[in-house]
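User: I should like to learn how burial, surface patches and cavities are read from a model. Could you take me through these features in turn?

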Amino acid sequence: MENFEELKRAVEIVEIVDAHAHNIVALDSTVPFLSCFSEIIGDTLSDSLQPIDFKRGLNEICELYGSSLPLDAVEESRRRFGLEASASICFKAILLIDDGIKLNKKLDIKWHETLVPTVGRILQVEHVAEKILEKGPNGTLWTLGSFMEAFTKELKSEAEKVVTFKSIVAHHSGLSVNTEVTQKEAEESLNDVLCATKPVRISNKSFVDYIFMHALEVAQNFDLPMQIDTGQQQFGFLSTLLVPQEYMVLSFSLQSGDKDLDLRPANPLNIRNLLEDKRFTKNRLVLLHASFPFIKDIGLSASTIASSFGKAISENKELEDYKPEDISLSLLRMISYNIGQIAYLNALRFGLKRIFFGGFFIRGHAYTMDTISFAVQFWSKGDAQAMFLRHEGFLGALGAFMSYEKHGLDDLMVHQLVERFPMGAPYIGGNVHGPPLGDLNEKISWMEKFVRKGTEITAPVPMAPPATTGLGGFEVPSSKGVLRPDASKLNVGVLHLVPSLEVFPLLADPRTYEPNTIDLSDHGELEYWFTVLSEHLSDLVDKAVASEGGTDDAKRRGDAFARAFSAHLARLMEEPAAYGKLGLANLLELREECLREFHFFDAYRTIKQRENEASLAVLPDLLLELDSMTEDMRLLTLIEGVLAANIFDWGSRACVDLYHKGTIIEIYRMSRKKMQRPWRVDDFDAFKVRMLGSGERKPQPHKRALLFVDNSGADIVLGMLPLARELLRRGTEVVLVANSLPALNDVTAMELPDIVAEAAKHCDILRGAAEAGGLLVDAMSNIQDGYKEDTPSVPLMVVENGCGSPCIDLRQVSSELAAAAKDADLVILEGMGRSLHTNYNAKFKCDALKLAMVKNQRLAQKLVKGNIYDCVCRYEPAS
C-alpha cells in the first residue's frame with residue numbers, strides 16, 4: 001500500500017475538507033444570517049430552525065464556540081470573537097469555493113487564502129452562461145453558435161485557474177439529462193431564455209442540458225472533475241453552522257426555497273443515461289447532496305449489511321412479492337460486483353493491470369461479463385481491465401485433462417487450435433440466440449425460419465422474459481433480451497484441436513508474421529469486401545447446387561447456406577470483432593466452412609474437371625514450344641504463362657464475367673498476348689540472375705522448391721506445372737503445395753496426382769520426377785512427346801497445406817508441409833489469395849517469389865497503385 005502513503009497521511013492530518021462552499025461576506029453585509037440555511041423568503045424562513053438535523057448541528061457549533069444553545073447566543077459569540085478569531089476557530093485546512101453566487105459584499109478568493117493553506121476555486125458553468133448572456137453580443141443578437149463560441153472560450157480561459165467545474169443542472173432540468181438534445185432544440189430554448197425578463201436566469205431544460213454536456217467535454221479535455229449539485233439536502237446544517245456570521249458560507253443550494261428545484265427529476269438514479277453515454281466515460285462526476293431524500297434508492301444505512309440483500313424485503317413486502325427475475329438480477333449483480341472487487345484487490349497487490357476470468361459462471365453469460373468488467377473498471381478507476389477468454393471452457397477442460405494425466409500433449413501450441421463458427425453455435429448469425437444445432441435437417445429447418453426485412457435478419461427463436469419490475473431499486477436491463485447493449489459482441493465459436501498443424505518453419509519471424517494484407521478494421525474496406533462477397537453469393541449458390549445435381553435437397557441446402565452466410569456477414573458488419581480478429585483470410589475461410597456445414601464439399605467440382613481436361617489437351621503443344629526456346633526466353637515465357645493462367649479465378653467477379661465471352665483456351669491465349677513488361681511489380685530480372693546467373697557465372701540450382709499452387713485448369717496445367725518442370729530440369733526438387741480441402745476452383749492435394757499423371761503422359765521429365773516422388777507407381781511406356789530423356793533423380797512431390805481457403809495463414813500449416821519445408825530454399829506463392837490477400841508482406845528465411853494477376857480493381861489500386869489485370873512478380877532473396 002506504499003502507493004497510498006501520501007493519501008493516508010492526508011486523511012490522518014486533515015480534519016475535514018469542505019468540497020463545496022461559497023464566499024464569506026463582510027460584517028456589514030445585508031445577507032440575513034438565516035439565509036445560510038435556506039432560500040425561503042418571508043415569515044416561513046423561521047420554520048427552517050425546527051428539524052432535528054438543524055438542532056443537532058446547533059449543539060455542535062455551540063460546543064465549538066463555548067456558547068449556550070439559543071441561536072441568538074451563537075450570533076453573540078461570533079460578534080464577540082470578531083472576523084479573524086472566528087476564522088481561526090472554523091478553518092484550518094482546505095476550502096473549495098464556488099464564487100458564482102451573488103452575495104452582498106462577498107469577499108474575494110484572495111481574502112480567503114489568508115485563512116487556510118489551500119483555497120481552490122469552483123466554476124459554476126450556468127453562472128458563466130448567465131453572465132455572458134447578460135453582457136450581450138457586440139451589436140448583434142445572440143445565436144446558438146455565437147453564444148457557444150463565447151461560452152467555450154470563457155470556460156477554457158478559466159479552466160487553468162479552477163480546481164473543478166460545477167453545475168446546478170439538477171435544479172433546472174433534473175438529472176435525467178437528454179444527451180441527444182439537438183442544436184435546433186437548444187437554439188429554440190436559447191430564444192426563450194433571451195425573451196424572458198432580466199436578470200437572465202437559465203431554466204429551460206434543452207438549453208441547460210446542451211451547455212452542461214458541452215461543459216463536460218471541456219472538463220474532460222482539461223482533466224477537471226464536474227460537481228453536480230443535486231439540491232437534495234434538507235438543510236445546510238453542520239458545515240454551514242460551523243461558520244460565524246461574518247463568515248457565512250452558503251454550502252448548499254438549500255431546501256425548497258429554490259423555486260426551480262423539483263426533487264422528483266433530481267433523483268440521482270436518473271443520471272444513468274449520462275453515465276452510459278460513451279462520450280463522457282472519462283469524465284469524473286461528483287454528486288453533491290445526493291442522500292436525502294433518496295438514501296434508500298442509492299445506498300444502504302449503516303445498520304444494513306450486504307447479506308441483507310439490499311433491503312429487498314421491506315416492512316411491507318415479503319419475498320414472494322418480488323419477481324424471480326428481479327431477485328436473480330440482484331444476486332447476479334451482487335456476486336459479480338464482489339468478484340470484480342476481490343479480483344482487483346488481489347491484482348493490486350501484485351501490480352497487475354489485466355485480470356483474466358474463466359469458469360462456468362461466466363461462460364456465455366454476456367451480462368455477467370459486462371458486470372464484472374464494470375466492477376473492475378469502477379474499483380480501479382479505469383486502471384485495470386477485465387479480460388475474458390473466448391474459449392475458456394474448451395481451454396479449461398483441456399487444462400484439466402492435461403493435469404490429470406500426460407497424454408503426449410506437452411507441446412500443445414496455439415497454432416494447433418482452429419476456431420470455426422457453425423450456424424448452431426449459441427451466439428452466431430446476426431443477433432440470433434438459440435440452442436446448439438447439430439443435425440443438418442434441423443439446421444436447415446432453423447435457417448428456413450429466417451425472415452428478411454431489408455438487410456436485417458431476425459429469427460423466431462425464444463427471446464427474453466418480460467422486463468423486470470425494478471422493485472427494490474433493481475436495475476432493469478436496457479437492451480433486448482437479457483443482454484446489455486454491448487453484450488452481443490461476445491461471440492464464441494467452436495474450437496477444434498488439430499495436433500497436426502504447425503508453424504511454417506521458413507517464416508523469417510513467426511512472432512511478427514501477419515498473414516492478412518488488407519486491414520478490415522477500416523470500415524470502408526470492410527464494407528467493400530462484404531459487398532463483394534454478397535454479390536458473389538448467388539453465383540456461388542448456383543454452382544454449389546449444380547455440383548450436387550440440382551436436386552430439391554441441394555436447392556434447399558443452397559438456400560440455407562445463403563441465409564446462414566448472409567447472417568454471418570450481417571453480424572460481422574455490425575461488430576467486426578465479434579468472431580475475434582478479422583482479416584480477409586478469415587472471411588473467406590468462414591465462407592468455405594459455411595458451405596461445408598451445409599454439405600457442399602466441392603461446389604466447383606464439375607467446372608474444375610472440365611477446365612483440367614481442356615488445359616491438358618493443349619499442354620503438349622505448349623511444352624514443345626517451350627523446349628524450342630533459349631534458356632533466357634523460356635524462363636521469361638514460363639513466368640508470363642503463370643501470370644496469364646492465373647486469370648482463371650472463379651472467386652473474381654471480373655473473371656467470371658470474362659468466362660462468358662470465350663473458351664478457356666481463347667481466354668488463356670488472349671491473356672498471354674497482353675503480358676507486356678514491365679509489370680506493375682517486376683522483379684523478374686533479379687529472379688533471372690538467381691536462376692541463370694550473369695555472364696560466365698552460373699549459380700547453383702535451388703535444392704528444393706515449394707510451389708504453392710492456386711486454381712485448377714489452365715492455372716495449374718499451363719502455368720505452374722511447366723514452371724515446376726523447368727525447376728526439375730535444373731535439378732531442383734519440387735513440392736507442389738495445394739489445399740487440403742476444396743475452396744472455389746482451387747486445386748486440391750487430392751486432385752493433383754491425377755493431373756500430374758495425365759501431364760506426365762506428354763513429358764519424360766514430369767513422368768520421371770513423379771515416379772521418383774511416389775506420384776506414379778508404375779513406369780509409363782507410352783511416350784507421346786516424341787523424345788526421351790534420362791529419368792531425373794530429383795522428385796516431384798505433392799503435399800497438402802492444411803487449410804481449405806483461397807488464402808493461407810502460414811502459422812497453421814500441415815505437419816507434412818512443415819516437414820517438406822525443412823530442406824527447401826525457394827518458396828513460390830502463386831495467386832491472389834496466397835500472395836496478395838495474404839503473405840504479400842511475409843518475409844522468409846529462403847528465396848521467395850510471389851506471382852499473381854490482380855483481378856480486383858480496388859485491390860490493384862490499394863496494393864500496387866495499378867489497375868485490374870496488372871501483374872505482380874515480386875522476388876525477395878533469403879532474409
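**Burial, patches and cavities**

Analyst: We begin with a single residue in this predicted model. Asp 764 lies in helix α28, which spans residues 764-772.

User: Is Asp 764 buried or exposed?

Analyst: A residue counts as buried when its relative accessible area is under 20%. Asp 764 has a relative accessible area of 2%, and is therefore buried. Its C-alpha atom is separated by 9.9 Å from that of Arg 725, and the two residues are 39 apart along the chain.

User: Which residues make the nonpolar surface patch of about 230 Å²?

Analyst: That patch is formed by Leu 331, Ile 335 and Phe 361. Of these, Ile 335 belongs to helix α14, residues 324-349.

User: Why does Ile 335 count as partly exposed?

Analyst: Partly exposed covers the range between the buried limit of 20% and the exposed limit of 50%. Ile 335 has a relative accessibility of 37%, so it falls in that class.

User: How is empty space inside a protein found, and how many cavities of 30 Å³ or more does the structure hold?

Analyst: When a probe the size of a water molecule is rolled over the atoms, the empty space that is left becomes apparent. The structure holds 3 cavities of 30 Å³ or more, and the largest cavity has a volume of about 60 Å³.

User: What lines the largest cavity?

Analyst: Its lining includes Glu 592, Arg 596, Asp 602, Phe 600, Tyr 604 and Pro 742. By class, the lining residues comprise 8 nonpolar, no polar and 3 charged.

Technical notes
Residues numbered from 1 in each chain as written. Predicted model: local features only at pLDDT ≥ 70, side-chain atom pairs only at ≥ 80, totals over all residues. Heavy atoms only, no water. Patch = residues over 30% accessible without salt bridge, like charges linked within 9 Å, V, L, I, M, F, W, Y side chains within 5 Å. Areas by Shrake-Rupley, 256 points an atom, 1.4 Å probe, with all protein chains shown as cover. Salt bridge = Lys/Arg side-chain N within 4 Å of Asp/Glu carboxyl O. Helix = DSSP H or I, 4+ residues; strand = E, 2+ residues; numbered from the N terminus. Buried < 20%, exposed > 50% of the residue type's maximum accessible area, 1.4 Å probe, protein only. 1 Å grid on protein atoms, 1.4 Å probe; cavity = no way out; pocket = protein on both sides within 12 Å on 5 of 7 lines; lining within 4 Å. Points joined across faces, edges and corners; volume = space filled by probe spheres on them. Nonpolar A, V, L, I, M, F, W, Y, C, P; charged D, E, K, R; others polar.
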